[in-house]
Amino acid sequence: MNERLNGSPQLKRLLHLLIMNQRDARPRWYIRLLAPLYQHRGRGSKVYASVRMDTPPFRRFSLGRESVVESFSCINNAVGDVLVGDYTRIGLHNTIIGPVTIGSHVNLAQGITVTALNHNFSDATLRIDQQGVSTQPVTIGDDVWVGANAVILPGVTVGSHSVVAAGAVVTKDVPEHTLVAGVPAKVIKHL
């Protein structure tokens, strides 16, 4: 099926228009009604009703056992899969834009942005909204704590058993067993 879609840009564009509302940049209402059929939610997991789930069926969304996505968060897998491990908490008002992989026993505090997406802007002869987007996967290892209002940018890997301080802007990989803080985030100490 993918080969047929890739061989026919018109068919691919038509399907995309049927699935995604272009103005709202989210799946159409009738696609969202079908979400329980194509989203994977592990036993005991919970997504609060106020969460905006922008998860079209052509990408994967998986939430592990006993994991929680708290109120007023936004999960978007339109440009890449969002995979969340077991016993992980995505706190209030978080934004997760794939492709993102989050491990198990991870705690994301409030107001965090984890994004693998950038808007292209290198061609000064075109408007930014005409230049498309690019993605670089983000990976957060197991047993990580990310403090409130932190930002984790495209291409970053946060190593297991690490802490990202509140308000940090993470632009580079975080080694395992470290505490990072600041703008841009730097290693403060080894744990």
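Reader: In which loop does Thr 171 lie?
Author: This is a predicted model, in which local features need pLDDT of at least 70, side-chain atom pairs count only at pLDDT 80 or more, and totals for chains, interfaces and linings use all residues. Residues are numbered from 1 along each chain as its sequence is written, and side-chain values use heavy atoms, with hydrogens and water left out. Strands (E, at least two residues) and helices (H or I, at least four) are DSSP runs numbered from the N terminus. Thr 171 lies in the loop between S22 and S23.

Reader: Which residues does Thr 171 contact, leaving aside neighbours within four places in sequence?
Author: At 39% relative accessibility, Thr 171 is partly exposed, the class between buried (under 20% relative accessible area) and exposed (over 50%), with a 1.4 Å probe and protein chains only. Pro 154 is 17 residues away in sequence, yet the C-alpha to C-alpha distance to Thr 171 is 7.6 Å. Contact means heavy atoms within 4.5 Å. By that rule the partners of Thr 171 are Leu 153, Val 156 and Pro 184.

Reader: Where is Pro 184, and what is omega of the cis peptide bond that joins Val 183 and Pro 184?
Author: Pro 184 is placed in the loop between S23 and S24. The bond from Val 183 to Pro 184 is cis, with omega about -5°.

Reader: Which glycine takes a positive phi in the hairpin of S23 and S24?
Author: S23 (residues 178-181) and S24 (residues 186-190) are joined antiparallel by 4 bridges, and two strands pair if DSSP finds at least two bridges between them. In this pairing Thr 178 has His 190 as its bridge partner, and Val 180 stands opposite Val 187. The hairpin has 4 residues between its strands, and the one with a positive phi near 105° is Gly 182.

Reader: How many of the 5 residues of S24 are buried?
Author: S24 is hardly covered. Among its 5 residues, the count of buried ones is 0.

Reader: Which residue of S23 is the bridge partner of Val 164?
Author: S23 also pairs with S21 (residues 163-164), in the parallel sense and over 2 bridges. There, Val 164 is matched with Val 180.

Reader: What is phi of His 177?
Author: His 177 sits in the loop between S22 and S23. It is partly exposed, at 36% relative accessibility. Although His 177 is a residue other than glycine, its phi is positive, near 60°.

Reader: Which strands stand at the edges of the open sheet?
Author: The sheet has 6 strands in the order S5-S8-S11-S14-S19-S22, with parallel pairing. Strands of a sheet pair through backbone hydrogen bonds. Each edge strand has a single partner, so one side of it is left without a neighbour in the sheet. These edge strands are S5 (52-54) and S22 (169-170).

Reader: Which residue of S11 is the bridge partner of Asn 76?
Author: S8 (residues 74-76) runs parallel to S11 (residues 95-97), and 3 bridges join the two. Within this pairing, Asn 76 is matched with Ile 97.

Reader: Which residues have the most contacts inside the largest nonpolar core?
Author: A nonpolar core is a set of buried Ala, Val, Leu, Ile, Met, Phe, Trp, Tyr and Cys residues joined through side-chain atoms within 4.5 Å. The largest one here has 33 residues. S6 (61-63), S9 (82-84), S12 (100-102) and S17 (138-140) each supply at least two of them. The residues with the most contacts inside the core are Ile 75, Ile 96, Ile 102, Leu 108, Ile 140 and Ile 152.

Reader: What is omega of the cis peptide bond that joins Gly 98 and Pro 99?
Author: Pro 99 lies in the loop between S11 and S12. The bond that joins it to Gly 98 is cis, with omega about 5°.

Reader: Which helix gives the most to the nonpolar patch?
Author: Patches are made of residues with over 30% relative accessible area (Shrake-Rupley method, 1.4 Å probe, only the protein chains shown as cover) and no salt bridge (a side-chain nitrogen of Lys or Arg within 4 Å of a carboxyl oxygen of Asp or Glu). Like charges are joined within 9 Å, and nonpolar side chains (Val, Leu, Ile, Met, Phe, Trp, Tyr) within 5 Å. This patch covers about 790 Å² and is made by Leu 14, Leu 18, Trp 29, Tyr 30, Leu 33, Leu 34 and Leu 37. H2 (9-19) and H3 (29-33) each supply at least two residues, and the one that gives the most, with 3 residues, is H3.
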